[in-house]
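Let's take a walk through this structure together, one spot at a time. Please keep the sequence and the 3D view open as you read.

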Amino acid sequence: MPRVFSGIQPTGDIHLGNLLGALRNWVSDQHEADSFYCIVDLHALTVPKEPGEVGQRTLELAQVLLAVGLDPEVCTLFVQSHVTEHSELAWLLQCVTSMGELRRMTQFKDKSEGKDFVSAGLFTYPALQAADILLYDTDRVPVGEDQIQHIELTRDVAERFNHRYGETFRLPAASVPTAGARVMDLQDPTRKMSKSSESPAGTILVTEDLGSVAKKIKRAVTDSEPEVRYDPAAKPGVSNLLSILGAVTGRDPEEVAGDYEQYGPLKSDTAEAVVELLRPIQERIAELQKDPERTAALLEVGAEKAREVASGVLERAKRNIGLLPRAHG
Ligand code: AMP
Ligand code: TRP
């Protein structure tokens, strides 16, 4: 079975874009690959956080991930800081990554622009991400398209390391889901749905009240032309609804467009489909919240499984670099 690895930050609430663009593919992948899914809490520290905030968010995110269908019996679900190999390999990789490469990363540019305080961690963030991926001899990394640049950097760094120190890392490839890969903001459909959006009306949270979910979809911005057609450039709002409905129902947005002549029915069907997608997820979250210890125990099992793989790969990297081994051998 191929090895799959992906990570998600415990920052902000999970929205429909995360669910359709990333998490649903994690759930289906777990049965087709040896899958490792990581809550990347150390990445969350690259921008200032209040004490305790990241831990609380990590627990909540784990509950959402379990509720959407990640099965700890099938995949390995764990927290990045529980497996210290991630930080250690990140350092080794920073030393084979150039400043120029890091400076070209658009996520760094976006997240640092106009900020008073830009941490060194935000700059070296992709080296930690590369460590996450390379520690598991990963074949494939399912991500949204915004992360492709980081996966390409991971390959470049792995190749450079292998060239310098001998064959050490397997080269991973990004895989971007086709349907619903990009969910746009309901109020500004030229921007992707995001937790940092200024308009709450444009974003749907997985934990949001279902009445509010339906209302937001029915109030989504469209255009004044009456025709239902999938055309993201000319008709971003309508196309976004078509791709959301397509992603939820497993159909092509173009094909979905053929079923509608008016915006009203498209909006109500999309609202209903999203509400019915979220309802059982919200019920499972409520169950898990009653017993936080259970989630913590599942994460500990995941960390143990992850450490078994990660420690071997880290040792391989240190051996190939030729660091002086400890006396015990
Ligand atoms: P983030 O919320 O930026 O930490 O992203 C978590 C995961 O969700 C990544 O794989 C992103 O590529 C994906 N993602 C975030 N926003 C969207 C969106 N609007 N549409 C599709 N995928 C998204
Ligand atoms: N940088 C990713 C994001 O912002 C999160 C991430 C961290 C990740 N490590 C990873 C994704 C490893 C895939 C593989 O969404």
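Apart from residues within four places in sequence, Asp 139 makes contact with Pro 2, Arg 3, Arg 170, Leu 171, Pro 172 and Ala 173. With Arg 3 there is also a polar contact: a polar atom of the Asp 139 side chain sits 2.7 Å from the backbone nitrogen of Arg 3. Keep in mind as you look that this is a predicted model. You will find Asp 139 in the loop between α7 and β4. Its relative accessible area is 27%, and because buried means under 20% and exposed over 50%, Asp 139 is partly exposed. If you would like a wider view from here, go to Ala 33: Asp 139 and Ala 33 are 106 residues apart along the chain, yet their C-alpha atoms are separated by 9.7 Å.

Stay in this loop for a moment. Asp 137 also belongs to the loop, which runs between α7 (120-134) and β4 (140-142). Is Asp 137 buried or exposed? Its relative accessibility is 16%, so Asp 137 counts as buried. Its backbone deserves a look too, since phi of Asp 137 is near 50°, a positive value in a residue other than glycine.

Now let's visit ligand 2. Which residues come nearest to ligand 2? There are 14 residues around this ligand, and the nearest are Gly 7, Tyr 125, Gln 129, Asp 132 and Gln 147. Polar contacts can be traced from several of these side chains. An N or O atom in the side chain of Tyr 125 is 2.7 Å from a nitrogen atom of ligand 2, and for the side chain of Asp 132 the distance from such an atom to a nitrogen atom of ligand 2 is likewise 2.7 Å. Gln 147 joins in with a polar side-chain atom that lies 3.0 Å from a nitrogen atom of the ligand.

Next, move to His 15, in the loop between β1 (3-8) and α1. With a relative accessible area of 4%, His 15 is buried. What does His 15 touch, once residues up to four places away in sequence are set aside? The list is Met 193, Ser 194, Lys 195, Thr 203, Ile 204, Leu 205 and Val 206. The side chain of His 15 also has a polar atom 3.0 Å from the backbone nitrogen of Gly 17.

From there we can step into helix α1 itself. Two packed helices are described by the angle between their axes and the distance between the axes. Helix α1 (residues 16-29) packs with helix α12 (residues 263-289) at an angle of about 75°, and the axes are 12 Å apart. Angles of 65 to 115 degrees count as roughly perpendicular, and α1 and α12 are therefore roughly perpendicular to each other. On the α1 side the contact is made by Leu 16, Leu 19, Leu 20 and Arg 24, which meet Val 274, Leu 277, Leu 278 and Ile 281 of α12. By type, the residues of this contact are seven nonpolar, no polar and one charged.

Our last stop is Thr 295, in helix α13 (residues 292-321). Thr 295 has a relative accessible area of 0%, so this residue is buried. Leaving aside neighbours within four places in sequence, Thr 295 is in contact with Leu 59, Ala 62, Gln 63, Leu 66 and Leu 288. Arg 103 gives a sense of scale: Thr 295 and Arg 103 are 192 residues apart in sequence and 38 Å apart in space, C-alpha to C-alpha.

Methods. Residues are numbered from 1 along each chain as its sequence is written. Chains are lettered from A and ligands numbered from 1 in the order in which they are written. This is a predicted model: local features need pLDDT of at least 70, side-chain atom pairs count only at pLDDT 80 or more; totals for chains, interfaces and linings use all residues. Side-chain values use heavy atoms; hydrogens and water are left out. Helices (H or I, at least four residues) and strands (E, at least two) are DSSP runs, numbered from the N terminus. Buried means under 20% relative accessible area, exposed over 50%, partly exposed in between (1.4 Å probe, protein chains only). Axes are lines fitted to C-alpha atoms, for helices over the stretch in contact, and angles run from 0 to 180 degrees between N-to-C directions. Angles under 35 degrees count as roughly parallel, over 145 as roughly antiparallel, 65 to 115 as roughly perpendicular and the rest as oblique. Contact means heavy atoms within 4.5 Å. Ala, Val, Leu, Ile, Met, Phe, Trp, Tyr, Cys and Pro count as nonpolar, Asp, Glu, Lys and Arg as charged, and the others, Gly among them, as polar. A polar contact is a pair of N or O atoms within 3.5 Å; within protein, one must be able to donate a hydrogen and the other to accept it, and residues adjacent in sequence count only if both atoms are side-chain atoms. A residue is near a molecule or strand if one of its heavy atoms lies within 4 Å of it.
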